[in-house]
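Student: I should like to learn how the descriptive terms applied to a protein model are justified. May we go through them one by one?

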Amino acid sequence: MEYSKLYVGRIRSLCHKRGISINKLAAMSDVKQSTLDNIIRGVTRNPRVKTLHKIAIAFNMTLLEFLDFDSLNNYSFDDDSDETF
């Protein structure tokens with residue numbers, strides 16, 4: 001799985017568990033709707049840490065808590081040959 005799809009899945013999962021829409025998350029996080037839509041659609045594949053931090057705060061989490069989930073913790077960059085850093 002692509003790295004970017006992991007945190008998109010995390011955002012979708014947390015929204016689903018908490019019963020909030022992506023639109024509501026944009027308002028709660030003070031992240032522009034277009035920015036959040038671009039992340040969710042995969043247009044923005046490497047969002048800024050500041051953006052992810054705002055999203056985490058909207059979920060009442062620290063950035064560490066937001067990024068601490070099994071799929072991401074077990075991710076291997078060796079498997080992601082499409083990414084250029």
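Tutor: We begin with a definition: pLDDT is the predictor's confidence in each residue, from 0 to 100. This model is predicted, and its average pLDDT is 92, with 92% of the residues scoring at least 70.

Student: Which helix has the lowest mean pLDDT, and which the highest?

Tutor: Helix α6, residues 70–73, has the lowest mean among the elements, at 91. The highest mean, 98, belongs to α4. Where pLDDT is low, the predicted coordinates should not be read in detail.

Student: Why is D30 called exposed?

Tutor: The term exposed requires a relative accessible area over 50%. D30 has 60%, and is therefore exposed. This residue is found in the loop between α2 (22–29) and α3 (33–41). D30 also has a positive phi of about 60°, although it is not a glycine.

Student: What makes N60 exposed?

Tutor: The cut-off is again over 50%. The relative accessibility of N60 is 72%, so N60 counts as exposed. N60 is located in the loop between α4 (49–58) and α5 (63–67), and its phi is near 60°, a positive value in a residue other than glycine.

Student: Why is T62 called partly exposed?

Tutor: Buried means under 20% and exposed means over 50%, with partly exposed in between. T62 has a relative accessible area of 42%, and so it is partly exposed. T62 lies in the loop between α4 and α5.

Student: How do you know that E65 counts as partly exposed?

Tutor: E65 has a relative accessibility of 42%, which is between the limits of 20% and 50%, so partly exposed is the correct term. E65 is found in helix α5. Leaving aside neighbours within four places in sequence, E65 is in contact with R10 and N60.

Student: Why are α2 and α3 called oblique to each other?

Tutor: Their packing angle is about 130°, with the axes 9 Å apart. Roughly perpendicular covers 65 to 115 degrees, and roughly antiparallel begins over 145. An angle of about 130° falls in neither range, nor is it under 35 degrees as roughly parallel requires, and α2 and α3 are therefore oblique. Moreover, α2 passes α3 in a right-handed crossing. The residues that meet are I22, N23, L25 and A26 in α2 and Q33, L36, D37 and I40 in α3.

Student: What makes α2 roughly perpendicular to α4?

Tutor: These two helices pack at an angle of about 100°, and their axes are 8 Å apart. The range for roughly perpendicular is 65 to 115 degrees, so α2 and α4 satisfy it. On the side of α2 the contact is made by L25, M28 and S29, and on the side of α4 by K54, I55 and A58.

Student: Which residues have the most contacts inside the largest nonpolar core?

Tutor: They are I11, C15, L25, L36, I55, F59 and F66, in a core of 21 residues. Each of α1 (3–18), α2, α3, α4 and α5 supplies at least two residues of this core. The largest share, five residues, comes from α1. In soluble globular proteins, nonpolar side chains tend to be buried together.

Student: What does F66 touch?

Tutor: Not counting residues up to four places away in sequence, F66 touches R10, I11, L14, L52, I55, A56, F59 and M61.

Note on methods:
Residues are numbered from 1 along each chain as its sequence is written. This is a predicted model: local features need pLDDT of at least 70, side-chain atom pairs count only at pLDDT 80 or more; totals for chains, interfaces and linings use all residues. Side-chain values use heavy atoms; hydrogens and water are left out. Helices (H or I, at least four residues) and strands (E, at least two) are DSSP runs, numbered from the N terminus. Buried means under 20% relative accessible area, exposed over 50%, partly exposed in between (1.4 Å probe, protein chains only). A nonpolar core is a set of buried Ala, Val, Leu, Ile, Met, Phe, Trp, Tyr and Cys residues joined through side-chain atoms within 4.5 Å. Contact means heavy atoms within 4.5 Å. Axes are lines fitted to C-alpha atoms, for helices over the stretch in contact, and angles run from 0 to 180 degrees between N-to-C directions. A crossing is left-handed if the near helix is turned anticlockwise from the far one by less than a right angle, and right-handed if clockwise.
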